[in-house]
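Me: Please take a close look at one strand of this protein and tell me how it sits among its neighbours. I would like one connected account that starts from the whole and then works in to that part.

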Amino acid sequence: MMIRPATPADAAAIWAIIGPTIRAGETYALDRDMTEAAALAYWFAPDKAVFVAEADGAILGTYYLRANQPGGGAHVCNAGYITDAAATGRGVARAMAEHSLAEARHRGFRAMQFNFVVATNARAVRLWQSLGFAIVGRLPGAFAHPELGFVDALVLYRTLDRATDG
């Protein structure tokens, strides 16, 4: 598997991955009825660096990386990841996560923070914890899950100190 910067030519493949996740409304706090154009504008916003995970010519996942806050918080990055449902269990999410940590370090970020991880997204929470992220906050009932009702969202954080990486 190769992870590379996304190009405009990847937009259709990225929409095919992010569209179903947005429509499901189970993991991202985005409008479930958001149009393809709006979703791609969100994903490719000017403040984001976008990457794709590719194998055998097929895009299996995508992630973006950006500063979490401007000014005094710009040394902490934020990221969002979506894997194609057909590629679940193939290590795509872990590969993108590891790539994003290295890319964040390369770009000079000192830490990574996830502001709003839906607590019922157990696979993601396990992955982040296995990569050294700590749950530093819980937002009770902050996410309106389409099937489970109001569920908690988590704030996760980790430094990007090379000495603490496994």
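**Strand β2 in its setting**

Me: Which residues of β2 point one way and which the other, and which strands do bridges join to β2?

Reply: The model is a predicted one, and the account below should be read with that in mind. The secondary structure of the protein comes to four helices and seven strands, and from the N terminus on these elements follow the order β-α-α-β-β-β-α-β-α-β-β. The radius of gyration is 15 Å, close to the 15 Å that the globule rule gives for 166 residues, so the protein is as compact as a globular protein of that length. Along the principal axes, the C-alpha trace spans about 40 × 40 × 35 Å, and buried residues make up 44% of the 166 residues.

The seven strands form an open sheet with mixed pairing, in the order β1-β2-β3-β4-β5-β7-β6, which places β2 between β1 and β3. The edge strands are β1 and β6, each of which pairs on one side only, and the twist averages 25° from one strand to the next.

Turning to β2 itself, which covers residues 49–55, seven of its seven residues are buried, so the strand is largely enclosed by the rest of the structure. Here buried means a relative accessible area under 20%. Ala49, Phe51, Ala53 and Ala55 point one way from the strand, while Val50, Val52 and Glu54 point the other way; Glu54 is thus listed among the buried residues along with Val50 and Val52.

On one side, four bridges join β2 to β1 (residues 2–5), and the two strands run antiparallel; within this pair, Arg4 stands opposite Val52. On the other side, seven bridges join β2 to β3 (residues 58–67), again with the strands running antiparallel, and here Ala55 stands opposite Ala58. In general, the strands of a sheet pair through backbone hydrogen bonds, either parallel or antiparallel. The hairpin of β2 and β3 has two residues between the strands, and in it Asp56 takes a positive phi near 50°.

Helix α3 (residues 92–106) belongs to the surroundings of β2 as well, since this helix lies across β1, β2, β3, β4, β5 and β7, running at about 35° to β3. Helix α4 (residues 122–130), by contrast, lies across β4, β5, β6 and β7, running at about 160° to β5.

Before β2 in the chain come two helices, α1 (residues 11–24) and α2 (residues 36–43), whose axes come within 10 Å and cross at roughly 100°; the two are therefore roughly perpendicular to each other. Ala11, Ile14, Trp15, Ile18 and Ile22 in α1 meet Glu36, Ala39, Leu40 and Trp43 in α2, and by class this contact has eight nonpolar, no polar and one charged residues.

Past the hairpin partner β3, Asn68 lies in the loop between β3 and β4. Asn68 is buried, with a relative accessible area of 11%, and, leaving aside residues up to four places away in sequence, it touches Val76, Cys77, Asn78, Gln113 and Asn115.

At the far end of the sheet order, eight bridges join the edge strand β6 to β7 (residues 149–159), which run antiparallel, and Phe143 has Val151 in β7 as its bridge partner.

Key. Residues numbered from 1 in each chain as written. Predicted model: local features only at pLDDT ≥ 70, side-chain atom pairs only at ≥ 80, totals over all residues. Heavy atoms only, no water. Buried < 20%, exposed > 50% of the residue type's maximum accessible area, 1.4 Å probe, protein only. Pairing = 2+ DSSP bridges. Axes fitted to C-alpha atoms, helices over the stretch in contact; angles between N-to-C directions. Parallel < 35°, antiparallel > 145°, perpendicular 65-115°, else oblique. Contact = heavy atoms within 4.5 Å. Nonpolar A, V, L, I, M, F, W, Y, C, P; charged D, E, K, R; others polar. Rg over C-alpha atoms; globule rule 2.2 N^0.38 Å.
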